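User: I would like a close look at one part of this model, the sheet and what packs on it. Please keep it brisk.

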Amino acid sequence: MKKFLVDVYLPAAGKHFDAYLPAAKQIGEATRLLAELAGPLSGGSYQGTADALLLDAGSGRPFPRGDTVADAGIRNASRLILI
């Protein structure tokens, strides 16, 4: 299974963390998984919800939830924002 190592920024906590995202995983599911990781990593300052969004850090645009990670253009060293 191909995975991409990405940098995720949490504005709510002012912190970054690295995570592996499976290339074939849909963005909606990847967002949910990242939100579950972010709570403990942020010391509780980030509380992920079903409405969490994953954004491209360069453009600020949200990734389409139905696209796969690979189809959305996410690659190794991609910078993402989780809100």
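Which residue in S4 is the bridge partner of Asp56? Please build the answer out from there to the rest of the sheet and the helix.

Analyst: The bridge partner of Asp56 in S4 is Leu80. This is a predicted model, so every statement here concerns a prediction.

Start with the pairing around that bridge. S3 and S4 are antiparallel and are joined by 3 bridges. On S1, S4 has another partner. S1 and S4 run parallel, again with 3 bridges. Here Asp7 is matched with Arg79 of S4.

Move on to S1 and S2. These two strands pair in the antiparallel sense, over 8 bridges. Within that pairing, Val6 stands opposite Ala19 of S2.

Now assemble the sheet. The 4 strands form an open sheet in the order S2-S1-S4-S3, and the pairing is mixed. S2 and S3 are at the edges with a single partner strand each, so each has one side without a neighbour in the sheet. On average, neighbouring strands are turned by 40° against each other, direction ignored.

Next, the helix. H1 packs on the sheet and touches S1, S2, S3 and S4. The direction of H1 makes about 145° with that of S2. H1 covers residues 27-41. Its 15 residues should span 21 Å at 1.5 Å a residue, and the end C-alpha atoms are 20 Å apart, which agrees.

Which residues of H1 are buried? They are Ile27, Gly28, Ala30, Thr31, Leu34, Ala35, Ala38 and Gly39. The buried residues of H1 pack against S1 (3-10), S2 (15-22), S3 (54-56) and S4 (79-82). After H1 comes Gly43, with a positive phi near 70°.

One loop residue belongs in this picture. Ser78 lies between S3 and S4, in the loop. Is Ser78 buried or exposed? Its relative accessible area is 15%, and buried means under 20%, so Ser78 counts as buried. Its contacts, leaving aside neighbours within four places in sequence, are Leu5, Val6, Asp7 and Gly73. Two of those names have already come up. Val6 is the residue opposite Ala19 in S2, and Asp7 is the bridge partner of Arg79 in S4.

To return to the starting point: Asp56 bridges to Leu80 in S4. S4 sits between S1 and S3 in the strand order, with a parallel pairing to S1 and an antiparallel pairing to S3.

Note on methods. Residues are numbered from 1 along each chain as its sequence is written. This is a predicted model: local features need pLDDT of at least 70, side-chain atom pairs count only at pLDDT 80 or more; totals for chains, interfaces and linings use all residues. Side-chain values use heavy atoms; hydrogens and water are left out. The expected span of a helix is 1.5 Å times one less than its number of residues. Buried means under 20% relative accessible area, exposed over 50%, partly exposed in between (1.4 Å probe, protein chains only). Contact means heavy atoms within 4.5 Å. Two strands pair if DSSP finds at least two bridges between them. Axes are lines fitted to C-alpha atoms, for helices over the stretch in contact, and angles run from 0 to 180 degrees between N-to-C directions.
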